[in-house]
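Here is a short note to read alongside the model. The points run from the overall fold to one helix pair and then to two single residues.

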Amino acid sequence: MWSRLLPDDALYQGSFRLSEGLLIAEVREESVILAMESSKYFGLKGAMRALLDNLREGAEFGAMVDTLCARFDVTRDAAASDLAGVIPQLLAAGLIVHVRD
């Protein structure tokens with residue numbers, strides 16, 4: 001389904017959740033996530049901030065796209081494309097983990 005948007009379909013199988021050992025703070029209109037071990041942080045605003053609940057519970061890529069579409073006036077393709085851009089950044093920073101089924 002997402003193959004035309006995503007560079008590696010296998011990466012988007014399974015679910016994603018927040019890593020252990022994170023400190024999350026709400027600062028004005030931004031959620032700031034700090035990985036205590038690495039001291040890496042990431043600021044989430046707007047649409048990406050809306051995904052925090054998904055990531056706390058663990059969610060599949062499609063469910064996160066659904067969240068973005070439900071909360072914002074965005075097409076599925078646009079939501080999937082934006083999400084495909086941020087997921088690798090969050091993984092590389094160690095802020096989320098990929099749980100493969």
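Which pattern does the protein follow, read along the sequence?

1. Overall order. The model is predicted. Along the sequence, the pattern is β-β-β-β-α-α-β-α-α-β. The secondary structure comes to 4 helices and 6 strands.

2. Burial and surface. The protein has 101 residues, and buried residues make up 37% of them. About 6,000 Å² is exposed. Carbon and sulfur atoms supply 49% of that exposed area.

3. Contact range. Take the contacts with a separation of 6 or more. Residues 24 or more positions apart account for 53% of these contacts.

4. Geometry of α3 and α4. Two packed helices are described by the angle between their axes and the distance between the axes. Here the pair is α3, residues 61-71, and α4, residues 76-92. Their axes come within 9 Å and cross at roughly 120 degrees. That angle makes α3 oblique to α4. The roughly perpendicular class covers 65 to 115 degrees, so the value of roughly 120 degrees falls to the oblique class. The crossing of α3 past α4 is right-handed.

5. Residues at the α3 and α4 contact. On the α3 side, the residues are Phe61, Gly62, Met64, Val65, Asp66, Leu68 and Cys69. On the α4 side, they are Arg76, Ala79, Ala80, Leu83, Ala84 and Ile87. By class, the contact divides into 10 nonpolar, 1 polar and 2 charged residues. Gly counts as polar, so Gly62 of α3 is the 1 polar residue. Asp and Arg count as charged, so Asp66 and Arg76 are the 2 charged ones.

6. Alanine 80. Is this residue buried or exposed? Alanine 80 is found in helix α4, and α4 meets α3 through residues including Ala80. The relative accessible area of alanine 80 is 0%. The cut-off for buried is under 20%, so alanine 80 is buried. Valine 65 sits 15 residues away along the chain. The C-alpha atoms of alanine 80 and valine 65 are separated by 5.8 Å. Val65 is also among the α3 residues that meet α4.

7. Asparagine 54. Which helix holds asparagine 54? The residue lies in α2, residues 52-57. Its relative accessibility is 12%. That is why asparagine 54 counts as buried, given the cut-off of under 20%. What does asparagine 54 touch, not counting residues up to four places away in sequence? The list is Phe16, Ala59, Ala63, Met64 and Thr67. One of these, Met64, is also listed in the contact of α3 with α4.

Conventions
Residues are numbered from 1 along each chain as its sequence is written. This is a predicted model: local features need pLDDT of at least 70, side-chain atom pairs count only at pLDDT 80 or more; totals for chains, interfaces and linings use all residues. Side-chain values use heavy atoms; hydrogens and water are left out. Axes are lines fitted to C-alpha atoms, for helices over the stretch in contact, and angles run from 0 to 180 degrees between N-to-C directions. Helices (H or I, at least four residues) and strands (E, at least two) are DSSP runs, numbered from the N terminus. Angles under 35 degrees count as roughly parallel, over 145 as roughly antiparallel, 65 to 115 as roughly perpendicular and the rest as oblique. A crossing is left-handed if the near helix is turned anticlockwise from the far one by less than a right angle, and right-handed if clockwise. Contact means heavy atoms within 4.5 Å. Buried means under 20% relative accessible area, exposed over 50%, partly exposed in between (1.4 Å probe, protein chains only). Accessible areas come from the Shrake-Rupley method with a 1.4 Å probe; for residues, only the protein chains shown count as cover.
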